[in-house]
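I sat down with this model to jot a few things about its pocket and its backbone. Here is the structure I was looking at.

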Amino acid sequence: MVRLGQVMYLHKDAYKEYQKRHSELWPQMKLALHEYGASNYSIFLNKKTGQTFAYLEVPSVETYNRIADTDICKKWWKYMEPLMDTNPDNSPVTTDLKEVFHLD
């Protein structure tokens, strides 16, 4: 299992809406996340900076990354775009983090 960590960047007026949309995660998006291997997925918010920290586990990074090619993922990105910093394709701007310590 590969543990992934990423930072994303919310607009400061979007915190409540971001949480609301995730609490109402579309069933199709949830299914896609599972189909592409995501598990133990959590997102944490730093309210002072607007940064989120996403943590998830995947059996294969290559398999998981293919979720970006799905229609449901592209639709989700477009839905979330007004709330956060995004790339031209509406994907969230992310900073991938390197794991430097893990304790079982």
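My notes below take the pocket, then a few single residues.

**Entry 1, the pocket.** I kept in mind that this is a predicted model. I looked up the largest pocket and got a volume of about 1100 Å³. Its lining comes to 42 residues. I asked which residues lie nearest its centre. They are Met8, His22, Tyr41, Ile43 and Tyr64.

**Entry 2, who builds the lining.** I went through the elements next. On the helix side, α1 (15-23), α2, α3 (61-65) and α4 (71-80) each put in at least two residues. Strands β1 (2-9), β2 (39-46), β3 (51-58) and β4 (94-97) each do so too. Which element gives the most to the lining? I found β2 there, with six residues. Sorted by class, the lining of the largest pocket holds 24 nonpolar, 13 polar and five charged residues.

**Entry 3, Gln28.** I found Gln28 in helix α2, which covers residues 27-35. Buried or exposed? Its relative accessible area is 48%, so I put Gln28 down as partly exposed. I also checked Gln28 against Cys73: they sit 45 residues apart along the chain, and their C-alpha atoms are 9.2 Å apart.

**Entry 4, positive phi.** I noted two asparagines here. Asn40, in strand β2, has a positive phi of about 50° although it is not a glycine. Asn40 has 48% relative accessibility, so it counts as partly exposed. Asn90 is in the loop between α4 and β4, and its phi is also positive, near 75°. At 22% relative accessibility Asn90 is partly exposed, because the buried class needs a value under 20%.

How values were computed: Residues numbered from 1 in each chain as written. Predicted model: local features only at pLDDT ≥ 70, side-chain atom pairs only at ≥ 80, totals over all residues. Heavy atoms only, no water. Buried < 20%, exposed > 50% of the residue type's maximum accessible area, 1.4 Å probe, protein only. 1 Å grid on protein atoms, 1.4 Å probe; cavity = no way out; pocket = protein on both sides within 12 Å on 5 of 7 lines; lining within 4 Å. Points joined across faces, edges and corners; volume = space filled by probe spheres on them. Nonpolar A, V, L, I, M, F, W, Y, C, P; charged D, E, K, R; others polar.
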